[in-house]
Amino acid sequence: MKKNLRVIIVVLICAALCVGYYFYLSNRTARLSGEPTELEMLITKDLESSYPTTPREVMRLYNRILECMFDGDWEEEEFERLSSQMRLLLDDQLLEANPLETYLHNLKAEVNSFRKEGKQFINVQISFSQDIEKKNVNGSECAYVEAVYSVKGKKDTEQSIQTYVLRKGEDGRWRILGFYRP
């Protein structure tokens with residue numbers, strides 16, 4: 001009986017090692033192929049010359065960064081660079097309310113909590129352009145974009161809806177002013 005148990009344990013360990021080695025080689029092959037990863041593309045994206053032109057495009061980029069932060073593997077420096085890219089999409093009024101150090105600390109705590117709870121994004125849906133409501137608020141053009149987040153937890157999948165408010169700046173660029181849950 002003990003011999004059978006040992007054989008089973010050895011087979012399971014070998015299988016786990018084979019699966020781990022396969023994933024290691026799969027990820028290594030992607031990096032060696034010369035194609036940049038999503039993380040590398042987001043970090044190196046030049047937002048000065050290729051800033052998104054519509055509220056929907058801003059939200060799509062924002063959520064790509066968000067997913068990379070919450071689900072991706074990154075080093076500390078890469079996290080800070082992703083955060084910098086994300087902050088370029090935020091309105092000055094929101095930036096003033098969230099100083100860099102506080103923003104980084106809170107964001108990292110939220111990411112760590114998300115990961116600790118075993119959560120993972122499985123889908124993000126952004127409003128279609130025709131569904132985005134635009135209003136003039138206090139002399140500023142604003143757009144209201146809805147995002148639906150499907151998050152898989154340890155036990156179940158949950159959906160969360162956020163409405164983002166974007167304001168068009170004097171430079172013609174849409175930036176995130178805030179968000180709320182409807």
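This is a guided tour of a predicted model, with a suggestion at each stop of what to select and a note of what is there.

The model is predicted, so that local features are given only where pLDDT is at least 70 and side-chain atom pairs only at pLDDT 80 or more, while totals for chains, interfaces and linings use all residues. Residues are numbered from 1 along each chain as its sequence is written, and side-chain values use heavy atoms, with hydrogens and water left out.

**The whole chain**

Begin with a cartoon of the protein, whose secondary structure comes to six helices and five strands; here helices (H or I, at least four residues) and strands (E, at least two) are DSSP runs numbered from the N terminus. Followed from the N terminus, the elements run α-α-α-α-α-α-β-β-β-β-β. Of the 182 residues, 35% count as buried, where buried means under 20% relative accessible area, exposed over 50% and partly exposed in between (1.4 Å probe, protein chains only).

**Helix 3**

Next select residues 55–71, which make up helix 3: its 17 residues reach 24 Å from the first C-alpha to the last, close to the 24 Å expected at 1.5 Å a residue, the expected span being 1.5 Å times one less than the number of residues. Twelve of the 17 residues are buried, so helix 3 is largely enclosed by the rest of the structure. Among the buried residues to display as sticks are Val58, Met59, Leu61, Tyr62, Ile65, Leu66 and Phe70, and Pro55, Arg56, Asn63, Cys68 and Met69 of this helix are buried as well.

**From helix 3 to helix 2**

Keep helix 3 in view and add Glu38 and Arg64, which form a salt bridge with the closest N and O atoms 2.7 Å apart; a salt bridge is a side-chain nitrogen of Lys or Arg within 4 Å of a carboxyl oxygen of Asp or Glu. This pair links distant parts of the chain, since Glu38 belongs to helix 2 (residues 38–44) and Arg64 to helix 3, 26 residues apart. Glu38 counts as partly exposed at 32% relative accessibility, and Arg64 is likewise partly exposed at 32%.

**Other salt bridges**

A search of the whole structure finds eight salt bridges. Select Glu117, Lys119 and Glu158, which are linked in a network of salt bridges, and within it look at Lys119 and Glu117, whose side chains meet at 3.1 Å, N to O. Lys119 is partly exposed at 25% relative accessibility, and Glu117 is partly exposed at 40%. Then move to Arg175 and Asp171, whose side chains meet in a salt bridge at 3.1 Å, N to O; in this pair Arg175 counts as buried at 18% relative accessibility, whereas Asp171 is partly exposed at 47%.

**A negative patch**

Now show the surface and colour Asp73, Glu75, Glu77, Glu80 and Glu101, which gather in a patch of negative charge. Such patches are made of residues with over 30% relative accessible area and no salt bridge, like charges being joined within 9 Å. Glu80, one of the members, lies in helix 4 (residues 76–87) and is partly exposed, with a relative accessible area of 38%.

**The loop at Asn138**

Finish at Asn138, in the loop between strand 2 (133–137) and strand 3 (140–152). Most residues other than glycine have a negative phi, but phi of Asn138 is near 50 degrees, a positive value. Asn138 is exposed, with a relative accessible area of 81%.

Terms used. Patches are made of residues with over 30% relative accessible area and no salt bridge: like charges are joined within 9 Å, nonpolar side chains (Val, Leu, Ile, Met, Phe, Trp, Tyr) within 5 Å. Accessible areas come from the Shrake-Rupley method with a 1.4 Å probe; for residues, only the protein chains shown count as cover. Lys and Arg count as positive and Asp and Glu as negative; His and the chain ends are not counted. The place of a charge is taken as NZ of Lys, CZ of Arg, CG of Asp or CD of Glu.
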